[in-house]
Amino acid sequence: QVQLVESGGGLVQPGGSLRLSCAASGNIFSIYIMGWYRQASGKQRELVATITEGGSTNYADSVKGRFTISRDDAENTVYLQMNSLKPEETAVYYCYADEIRAGPYRYFEVWGRGTQVTVSS
């Protein structure tokens with residue numbers, strides 16, 4: 001069974017920074033793509049950033065230049081460094097992974113349970 005567990009959320013003032021982490025577990029051999037999505041109250045879940053096994057990244061236009069996604073394949077962990085946070089970015093941030101090879105199995109579109117990020121003074 002593959003699981004994703006997020007950490008690092010919390011309360012931060014506008015303009016502040018947070019670093020989210022997401023660790024994948026479950027006898028994992030490789031993960032093609034990892035990323036972060038967010039869902040604000042009353043809104044649809046939206047892409048924040050993704051990163052492939054080869055290091056290619058994709059960002060939502062709204063976070064370019066402020067957020068940085070990275071991964072540590074030895075630890076099966078993905079990070080999201082968030083700078084200059086805005087109140088409208090208050091949301092639950094979800095970790096995502098696709099095409100996970102774990103033992104003899106492959107897993108697709110696996111989600112973490114989410115971590116709350118609140119940007120408020």
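Which residue stands opposite V78 in β8? The residue that stands opposite V78 is R71, and the paragraphs below set this pair in its surroundings. The structure is a predicted model, in which local features need pLDDT of at least 70 and side-chain atom pairs count only at pLDDT 80 or more, while totals for chains, interfaces and linings use all residues. Residues are numbered from 1 along each chain as its sequence is written, and side-chain values use heavy atoms, with hydrogens and water left out.

Taken as a whole, the protein has twelve strands and zero helices, where strands are DSSP runs of E with at least two residues and helices are runs of H or I with at least four, numbered from the N terminus. The radius of gyration, taken over C-alpha atoms, is 14 Å, close to the 14 Å that the globule rule (2.2 Å times the number of residues to the power 0.38) gives for 121 residues, so the protein is as compact as a globular protein of that length. Its C-alpha trace spans about 50 × 25 × 25 Å along the principal axes. Of the 121 residues, 45% are buried, a word that here means under 20% relative accessible area, with a 1.4 Å probe and protein chains only. Among contacts (heavy atoms within 4.5 Å) with a separation of 6 or more, 56% are between residues 24 or more positions apart.

Within this protein, four strands form an open sheet with antiparallel pairing, in the order β1-β3-β8-β7; two strands count as paired if DSSP finds at least two bridges between them. At the edges lie β1 (3–7) and β7 (67–72), each of which pairs on one side only. From one strand to the next, the twist averages 15 degrees, with axes being lines fitted to C-alpha atoms and angles running from 0 to 180 degrees between N-to-C directions.

Strand β8, which covers residues 77–82, pairs with β7 in the antiparallel sense over six bridges. Besides R71 opposite V78, F67 has M82 in β8 as its bridge partner. The two strands β7 and β8 form a hairpin with four residues between them, and N76 in the turn has a positive phi of about 50 degrees. Strand β8 is also joined by six bridges to β3 (residues 18–25), and these two strands run antiparallel; here Q81 in β8 is the bridge partner of R19. Strand β8 is mostly covered, with five of its six residues buried.

Key
Buried < 20%, exposed > 50% of the residue type's maximum accessible area, 1.4 Å probe, protein only.
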